[in-house]
Amino acid sequence: MPARVLIAKPGLDGHDRGAKVIVRALRDAGFEVIYTGIRQTPEMIAEAAMQEDVDCVGLSLLSGSHMTLFPRVIDLMKEKGLKDVLIFGGGIIPGEDVPKLKKKGVDKIFGPGTPTQEIVRYLREKLSKKPHKN
Amino acid sequence: MLPFELKELVLGVISGEARAISRALSLIERNSDPSGEKLLQRIYPYGGNTRIVGITGAVGVGKSSLIFQLARALRKRGHTVGVISIDPTSPISHGAFLGDRVRMQDLTADQGVFIRSVAGGADSVESLTRKIFGLVHVMEASGKHFVLVETMGSGQSDCLIAKVAQSTLYVSIPSLGDEIQAMKAGILEMSDIVVINKADHEGTDRAITWWKNIFSLETRKSGAWKTPILAVNSLTGEGAGPILTAIDDHERHMKDSGEWERRKKEAIRTEVKMLILERLRSEIETRVNENDIGGLLERKTDPLAYIDKALRKKRKTYA
């Protein structure tokens with residue numbers, strides 16, 4: 001069974017072109033991709049990640065509220081017992097915030113212009129270490 | 001999975017813990033894991049009391065949005081709901097895009113609803129059906145009052161959902177097809193309730209009229225279930241209530257006529273057949289002997305004589 005990835009858009013910005021590009025690239029790379037849609041609360045994302053039993057959550061955010069919302073998603077996921085789910089992020093994230101987010105548990109941030117194949121390679125490598133997965 | 005872990009998982013499922021349900025569903029989906037079969041055996045006795053409703057219809061008619069409204073209406077009545085939404089697997093990459101949650105966003109915050117997106121898989125429809133039965137059993141054991149199973153955008157001949165569910169809803173929209181389409185054999189015959197979604201669109205009244213006309217032509221035994229044709233707007237939820245009433249009416253009708261038990265038995269029969277098929281499928285590989293392929297290549301024997309021999313060999317092994 002392919003690895004399962006949740007692509008989620010926390011916060012209030014409605015621009016999900018980037019998220020859709022990632023969804024499509026991952027689908028074509030053989031992942032099972034679940035998309036939440038836009039304007040999700042951290043609670044909704046954590047609950048969806050739990051119900052869908054995903055291996056990985058990708059957060060896309062362009063509005064500038066990543067320092068509040070990304071860590072909140074991670075905390076809620078931990079509360080639900082999702083401790084070994086890989087978290088990565090993308091969107092408009094200033095470079096100075098990246099180390100802080102990493103400290104909070106975001107494994108990697110992909111900025112604008114990242115080739116989709118780079119993200120595919122990253123996920124394949126990270127998720128291959130998990131049992132039962134591709 | 002260790003025995004005590006399995007025991008804990010079973011306990012979690014039957015006490016309705018969401019994390020346990022989620023892990024159990026994954027275990028069932030990953031057919032390769034033998035713990036999945038053990039889990040199924042342990043939880044099976046706790047099922048059997050859940051109302052299973054299938055939602056089918058062509059791609060884009062609004063099945064997911066309809067499920068959102070039905071689940072909301074069911075929650076208002078105090079029922080707990082499990083949703084199993086299936087989207088297709090890519091035959092090329094074997095990946096999948098599971099997008100049904102997008103239509104059900106406001107249900108995510110509700111602890112009384114559990115939604116699971118499922119990829120159809122690259123294997124046979126029998127294998128998918130076997131999987132769906134297993135996923136339904138997990139939802140049943142968790143005590144959900146209703147399980148709504150959403151098919152992939154279906155074709156006319158995709159009828160297996162009617163074997164899984166006790167009631168099947170066929171969803172269409174006003175602009176899709178005409179009376180001629182409604183007369184065709186297949187899934188329409190197997191549907192118990194027809195829903196015309198997007199009822200705010202032009203032509204809804206006309207569509208309802210001709211669907212009713214066509215269904216009135218059906219040769220039915222007296223007292224048989226009369227398929228209701230219902231309009232709904234899944235954006236607003238207008239019309240969702242009457243659909244729930246029709247689902248209840250259908251249950252009552254089936255219970256009075258003996259159809260309820262007949263369908264439940266047919267579901268079990270179907271599940272058992274699918275399981276046997278899966279077992280046999282994995283057996284097939286071991287039945288083909290490479291040396292015999294050489295004989296066939298030289299036309300010393302023929303494929304039919306060969307399979308007769310191969311199957312006899314199998315029977316002996318089992319005896």
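How many residues of chain B are in contact with chain A, and how many residues of chain A do they meet? In this predicted model, 26 residues of chain B touch 29 residues of chain A. That is a good place to start a walk through the structure, so let us begin at the interface and then turn to the spaces in and around the protein.

The size of an interface is often given as the accessible area lost when the parts come together. For chain B and chain A, the buried area is about 2,300 Å², and carbon and sulfur atoms contribute 51% of it. On the chain B side, three arginines lose the most area to chain A: Arg19(B), Arg30(B) and Arg101(B). Together they account for 24% of what that side buries. Keep Arg101(B) in mind, as we will meet this residue again beside a cavity.

Polar and charged pairs also cross between the chains. There are 18 residue pairs in polar contact between chain B and chain A, counting pairs with both residues at pLDDT 80 or more. If you look for the elements that give two or more residues to the side of chain B touching chain A, you will find α2 (18–29), β3 (96–98) and β4 (113–119) of chain B. Sorted by class, the residues on that side are 9 nonpolar, 9 polar and 8 charged. The interface also holds 4 salt bridges. To see a salt bridge in the model, find Glu52(A) and Arg116(B), whose closest N and O atoms are 3.8 Å apart.

Over all chains, the salt bridges number 30. A pair worth finding within chain B is Glu126(B) with Arg281(B), where the closest N and O atoms lie 3.4 Å apart. This pair links distant parts of the chain: Glu126(B) sits in helix α5 (residues 125–141) and Arg281(B) in helix α11, 155 residues apart.

Helix α11(B) comes up again at the largest pocket, where it supplies the largest share of the lining, 5 residues. The pocket offers about 630 Å³ of space and is lined by 27 residues. Nearest its centre are Asp192(B), Trp225(B), Glu259(B), Arg262(B) and Arg263(B). Besides α11 (259–287), the chain B elements that each supply at least two lining residues are α6 (161–164), α8 (187–190) and α10 (240–257). The lining as a whole is made up of 9 nonpolar, 8 polar and 10 charged residues.

What about enclosed spaces? The structure holds 2 cavities of 30 Å³ or more. The largest cavity has a volume of about 40 Å³, and its lining consists of Leu74(B), Arg77(B), His79(B), Phe146(B), Leu244(B), Ile247(B) and Asp248(B). Here α10(B) gives the most, with 3 residues. By class, this lining has 4 nonpolar, 1 polar and 2 charged residues.

Which residues line the second largest cavity? From chain A come Thr36(A), Gln40(A), Met44(A) and Ala48(A), while Arg101(B), Gln105(B) and Thr108(B) come from chain B. The volume of this second cavity is about 30 Å³, and its lining divides into 2 nonpolar, 4 polar and 1 charged. With Arg101(B), the tour is back at a residue that is among those in chain B losing the most area to chain A.

Note on methods:
Residues are numbered from 1 along each chain as its sequence is written. Chains are lettered from A and ligands numbered from 1 in the order in which they are written. This is a predicted model: local features need pLDDT of at least 70, side-chain atom pairs count only at pLDDT 80 or more; totals for chains, interfaces and linings use all residues. Side-chain values use heavy atoms; hydrogens and water are left out. On a 1 Å grid over the protein atoms alone, a cavity is a set of points where a 1.4 Å probe fits but cannot get out, and a pocket is an open set with protein on both sides within 12 Å along at least five of seven lines; lining residues have an atom within 4 Å of a point. Grid points are joined across faces, edges and corners, and a volume is the space filled by probe spheres set on the points. Helices (H or I, at least four residues) and strands (E, at least two) are DSSP runs, numbered from the N terminus. Ala, Val, Leu, Ile, Met, Phe, Trp, Tyr, Cys and Pro count as nonpolar, Asp, Glu, Lys and Arg as charged, and the others, Gly among them, as polar. Contact means heavy atoms within 4.5 Å. Buried area is the accessible area (1.4 Å probe) that two parts lose on being put together, summed over both. A salt bridge is a side-chain nitrogen of Lys or Arg within 4 Å of a carboxyl oxygen of Asp or Glu. A polar contact is a pair of N or O atoms within 3.5 Å; within protein, one must be able to donate a hydrogen and the other to accept it, and residues adjacent in sequence count only if both atoms are side-chain atoms.
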